Amino acid sequence: MDIKQYMNDVGQRARKASRAMAKADSGAKNRALALIAAAIRRDADLLRAANQKDLAAARENGLAPALLDRLTLSDKALDTMAEGLEQIVALPDPIGEISNMKYRPTGIQVGQMRVPLGVIGIIYEARPNVTVDAAGLCIKSGNATILRGGSEAIHCNQALAKLVKEGLAGAGLPEDAVQIIETTDRAAVGELITMPQYVDVIVPRGGKGLIERLMKESKVPMIKHLDGICHVYIDDKADIGKAVRVAYNAKCQRYSPCNTMETLLVARGIAERVLPRLAELYGAKEVELRGDDDTRKILAGYPHLVAATEEDWRTEYLAAILAVRVVDDLDQAIDHINTYSSQHTDSIITEDYTRAMRFLREVDSASVMVNASTRFADGFEYGLGAEIGISNDKLHARGPVGLEGLTSLKYVVFGHGEVRE
């Protein structure tokens, strides 16, 4: 296969489809989404069989446990896929919405209209759910998309692609509105990220190595996050039962997602009461704790305790490992987070309203929480229906990226024959 020619053809078809999608009405887009959701439920057995082929190959190739977890398509994951599409159907269509209308002294009216971005290239690893989430959000927001999934999920992604095309055709929309790259050749990625004539934005969802490479090589703007070094700070005004429940869930509900807690900060005034209770729960899961001096003194005898290094505060483990530090107060906690955080998601556990509001204002992250697990930081839990990714950047989109993050605004002007003097 001539990869350059192949990707050029994909890009041309996507650009053509994007023009049709931009003028598609809400009814057609919603019909496509509903048809895809129904097809996923109808063909659940076929999708699980395809996923098993991918899992078998991944295990044989020694894929890391965190990636195997992301690759696995459980019954719950299939239900969540279909439900996510149905939630997107229920969301208002943002395209064509006009806002901020103002009369100017000249007599003209000036406002802003929400429009699609155009063609969105999405690059992801070992996550078949992204195929459906991305397709659904791009369809609803009037965009065309080019999906390049990892070779680990090739069978499942191809099976899902057939269902997506079936839904688009059934709704009278162009099948090329969602294209999945058929080759696993990595050269296809290099072409995709250097085609600004066809692709308007790239959304990478994968490991740090992939995103670092794209940041260096891409000629197309990106919506991205590099890693998820998420914190929970237990304040000395925290309810201990609440703190234990949240800090346990933030780490142990799942290890592989980017919104899992990687560093636990505990106020000195409450550390001796809360850390032993948490250690008991973490110990049952054999979580390795990498603690500072104060943590190791309090938890002496914990079987999975080692000394933390400077690098531990900067590490996204995606595993049963947790960095723990005792801090003097809220000021030191905020300083630690703003120094080491990847600006993804950080949470405070406290019953003090003033401290909670300070944390919300001063922690410079895309999602900042009070008395809640960091695991809530995703588009589904935020009511976006699904997410195309999470952005740690500050321009255009920040946090979980749903429908509005896949649109732009253009100025529109209404006049009555006015001319500029």
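What volume does the second largest pocket have? In this predicted model, the second largest pocket comes out at about 320 Å³. Its lining counts 14 residues, and those closest to the centre are Glu-125, Arg-148, Glu-152, Arg-186 and Leu-210. Strand S3 (119–124) and helix H9 (208–217) each chip in at least two lining residues, with H9 giving the largest share, namely three. Sorted by class, the lining of this second largest pocket has four nonpolar, five polar and five charged residues.

The largest pocket has a volume of about 1,000 Å³. Its lining runs to 33 residues, of which Thr-80, Asn-129, Arg-254, Arg-375 and Asp-378 sit closest to the centre. Three helices, H4 (65–71), H5 (75–90) and H6 (128–140), each put at least two residues into that lining. H5 makes the largest contribution, with five residues. As for chemistry, the lining of the largest pocket splits into eleven nonpolar, eleven polar and eleven charged residues.

Then there are the enclosed spaces. Two cavities of 30 Å³ or more turn up in the structure. The largest cavity holds about 40 Å³, and its walls are made by Arg-148, Gly-149, Ile-154, Asn-157, Ile-180 and Ile-181. That lining is a mix of three nonpolar, two polar and one charged residues. Arg-148 thus shows up twice, since this residue lines the largest cavity and is also among the residues closest to the centre of the second largest pocket.

The second largest cavity has a volume of about 30 Å³. Around it are Leu-264, Leu-275, Leu-278, Ala-279, Tyr-282, Leu-289, Leu-299 and Val-324. Here the class count is eight nonpolar, with no polar and no charged residues. Helix H11 (residues 268–284) provides the largest share of this lining, four residues.

Two backbone oddities round off the picture. Glu-286, in the loop between H11 and strand S9 (288–291), has a phi near 55°, which is positive even though the residue is not a glycine. With a relative accessibility of 56%, Glu-286 counts as exposed, because the cut-off for that class is over 50%. Asn-100 is another non-glycine residue with a positive phi, in this case about 60°. Asn-100 belongs to strand S1 (residues 98–103). Its relative accessibility is 48%, so Asn-100 is classed as partly exposed.

Key:
Residues are numbered from 1 along each chain as its sequence is written. This is a predicted model: local features need pLDDT of at least 70, side-chain atom pairs count only at pLDDT 80 or more; totals for chains, interfaces and linings use all residues. Side-chain values use heavy atoms; hydrogens and water are left out. On a 1 Å grid over the protein atoms alone, a cavity is a set of points where a 1.4 Å probe fits but cannot get out, and a pocket is an open set with protein on both sides within 12 Å along at least five of seven lines; lining residues have an atom within 4 Å of a point. Grid points are joined across faces, edges and corners, and a volume is the space filled by probe spheres set on the points. Ala, Val, Leu, Ile, Met, Phe, Trp, Tyr, Cys and Pro count as nonpolar, Asp, Glu, Lys and Arg as charged, and the others, Gly among them, as polar. Buried means under 20% relative accessible area, exposed over 50%, partly exposed in between (1.4 Å probe, protein chains only).
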